[in-house]
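Trainee: I would like to go through this model with a few questions on its interface and on some single residues.
Mentor: Go ahead, with the sequence and structure in view.

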Number of protein chains: 2
Amino acid sequence: MVSVMDDDVPPVPAGTSRRPAVRRPRKGTAERRAEILRAAAHTFGSKGYKTGSLADVAEQVGITHAGVLHHFGTKEQLLIEVLEYRDLEDVRDLEGQHIPDGMELFTHLVRTARANVDRRGIVQGYTVLTAESVTEDHPARNWVTQRFAVLRGEIAHAIQEIGDHKVSDEQATRAASAIIGVMDGLQVQWLLDGTVDLAESTTFAIEAILSAVLNPAETTHLPE
Amino acid sequence: MVSVMDDDVPPVPAGTSRRPAVRRPRKGTAERRAEILRAAAHTFGSKGYKTGSLADVAEQVGITHAGVLHHFGTKEQLLIEVLEYRDLEDVRDLEGQHIPDGMELFTHLVRTARANVDRRGIVQGYTVLTAESVTEDHPARNWVTQRFAVLRGEIAHAIQEIGDHKVSDEQATRAASAIIGVMDGLQVQWLLDGTVDLAESTTFAIEAILSAVLNPAETTHLPE
DNA sequence: AATGGCTTACTGACAAGTCAGCAACATGTG
DNA sequence: CACATGTTGCTGACTTGTCAGTAAGCCATT
């Protein structure tokens with residue numbers, strides 16, 4: 001009945017200088033994993049998660065699909081790490097800069113829309129995964145839902161701040177949802193049809209929604 | 001070497017009075033096909049086109065997947081007919097009523113958003129297929145692109161009409177894109193998170209965009 | 001020498017599409 | 001009206017292909 005694993009379970013010796021039995025990744029492994037994550041982001045972004053295959057991802061980094069599984073275990077885990085990696089990248093992009101708030105947040109959003117025109121791949125990846133996540137039992141669903149909730153909160157907060165806290169929570173949240181919605185919706189149209197002017201339409205819509213939430217009196221209402 | 005078709009390659013045997021060689025669909029077949037189309041719309045709408053299987057569709061109408069292929073030939077053809085069927089339904093819904101124009105179009109859009117709250121399945125089907133179509137070589141891509149183009153045209157036209165034709169084409173089209181975008185984008189958020197108020201947010205956003213395009217002077221602009 | 005990073009080889013599941021064949025039916029002919 | 005003819009609607013079995021995941025072993029790094 002000798003130990004199944006090597007180092008025995010029993011009384012933890014004070015010293016705890018456990019040498020082996022731990023993972024010691026080789027140098028260069030981290031970068032390789034990152035390579036795979038970037039390849040996977042590209043594949044899932046262009047073909048979708050369900051349709052994109054591990055073989056497709058593997059080919060881009062010159063290994064076999066089994067090699068990919070060696071690093072990530074399952075396809076779903078790979079997706080999850082792709083999403084986490086993307087979050088990390090986003091944070092890194094904002095490094096140093098404080099998280100924008102108030103009016104700055106909206107100029108930041110508009111700048112992002114402008115920059116996105118030259119990042120078609122990234123936009124498509126985001127769009128495809130977001131939309132795919134509404135299908136049944138999709139592994140990215142929680143991530144996407146959470147992301148929307150956080151974004152709505154941040155934007156609603158910025159609106160309250162600009163509006164000197166005279167805007168109701170409901171209105172601020174509605175406006176926030178609308179701003180996110182219009183950004184996403186315009187991206188879809190732009191991806192499908194190059195004649196859609198992503199930057200201008202987005203800017204216009206954000207300004208329109210901001211004006212309406214800050215000056216409801218000036219807004220013409222529809223009947224009913 | 002004329003007739004490739006038609007029987008009688010050889011000397012026609014005298015007695016044979018072959019008459020019936022015409023296609024005649026059985027009664028009830030049309031309804032059966034419609035049943036399959038509805039089932040397919042449901043499957044493609046909840047799981048997506050690529051992930052939804054013919055077996056899944058077939059099961060809903062109590063036949064095998066080969067039976068479905070008997071009617072539609074290929075899965076892609078089935079999808080195409082689903083989209084056409086949906087168009088037909090939309091037209092039928094507007095039957096009698098003239099196609100709304102001017103301000104009426106917008107009250108119609110708002111009414112639709114309100115009604116959609118009770119048609120989750122339909123909304124999800126539309127959302128999933130639209131988004132999936134941006135992936136590589138998707139068979140629904142043309143249909144979706146075309147649909148957006150037509151919608152943009154109609155909405156832009158209505159804006160021009162309301163604005164007494166003082167709104168530039170570019171502005172009208174931008175506003176039209178934004179309205180479509182916000183409707184679609186809000187649907188995604190609403191599907192993922194029930195706390196999003198689809199009807200109210202949509203109404204608010206459409207009013208905001210309309211106000212901005214009709215009264216640009218009142219709109220506060222962002223720097224840059 | 002040991003273990004991390006792979007490969008090759010394989011499995012089981014599931015997918016779309018083909019095909020032969022069968023029962024139910026419609027129709028022109030007698 | 002009757003019925004032979006041949007099509008329609010469909011099944012079940014099969015082919016072909018793709019995929020995620022597993023197992024075992026080889027090699028180079030540590």
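**Interface and two buried sites**

Mentor: In this predicted model, the contact takes 62 residues from chain A and 61 residues from chain B.

Trainee: What area is buried between chain A and chain B?
Mentor: The size of an interface is often given as the accessible area lost when the parts come together. Carbon and sulfur atoms give 63% of the area buried here. In chain A, L192(A), F204(A) and L222(A) lose the most area to chain B, together 15% of what that side buries. The total between chain A and chain B is about 4900 Å².

Trainee: Which residue of chain A meets K47(B) in a salt bridge?
Mentor: The rule finds four salt bridges across the interface of chain A and chain B. In the pair that includes K47(B), the N to O distance is 3.7 Å, and the cut-off for a salt bridge is 4 Å. The partner is E136(A).

Trainee: Which element gives the most residues to the side of chain A that touches chain B?
Mentor: Between the chains, 18 residue pairs are in polar contact, both residues being at pLDDT 80 or more. On the side of chain A, the elements that give two or more residues are α1 (29–47), α5 (103–116), α6 (120–132), α7 (141–162), α8 (169–192) and α9 (198–214). With 14 residues, the one that gives the most is α8(A).

Trainee: How many residues on that side of chain A are nonpolar?
Mentor: The residues of chain A that touch chain B divide into three classes. Of these, 21 are polar and 14 are charged. The nonpolar residues number 27.

Trainee: Why does E81(B) count as buried?
Mentor: E81(B) lies in helix α4 (residues 75–93) of chain B. Buried means under 20% relative accessible area. E81(B) counts as buried because its relative accessibility is 17%.

Trainee: Which residue's side chain makes a polar contact with the side chain of E81(B)?
Mentor: Leaving aside neighbours within four places in sequence, E81(B) is in contact with R33(B), L37(B) and F72(B). The side-chain polar contact has a distance of 2.7 Å, and the cut-off is 3.5 Å. The residue is R33(B).

Trainee: What distance separates the C-alpha atoms of L109(B) and I179(B)?
Mentor: L109(B) lies in helix α5 (residues 103–116) of chain B and, at 9% relative accessibility, counts as buried. Not counting residues up to four places away in sequence, L109(B) touches I155(B), I179(B), M183(B) and I206(B). L109(B) and I179(B) are 70 residues apart along the chain, and their C-alpha atoms are separated by 9.5 Å.

Conventions:
Residues are numbered from 1 along each chain as its sequence is written. Chains are lettered from A and ligands numbered from 1 in the order in which they are written. Side-chain values use heavy atoms; hydrogens and water are left out. Helices (H or I, at least four residues) and strands (E, at least two) are DSSP runs, numbered from the N terminus. Buried means under 20% relative accessible area, exposed over 50%, partly exposed in between (1.4 Å probe, protein chains only). A polar contact is a pair of N or O atoms within 3.5 Å; within protein, one must be able to donate a hydrogen and the other to accept it, and residues adjacent in sequence count only if both atoms are side-chain atoms. Contact means heavy atoms within 4.5 Å. Buried area is the accessible area (1.4 Å probe) that two parts lose on being put together, summed over both. A salt bridge is a side-chain nitrogen of Lys or Arg within 4 Å of a carboxyl oxygen of Asp or Glu. Ala, Val, Leu, Ile, Met, Phe, Trp, Tyr, Cys and Pro count as nonpolar, Asp, Glu, Lys and Arg as charged, and the others, Gly among them, as polar.
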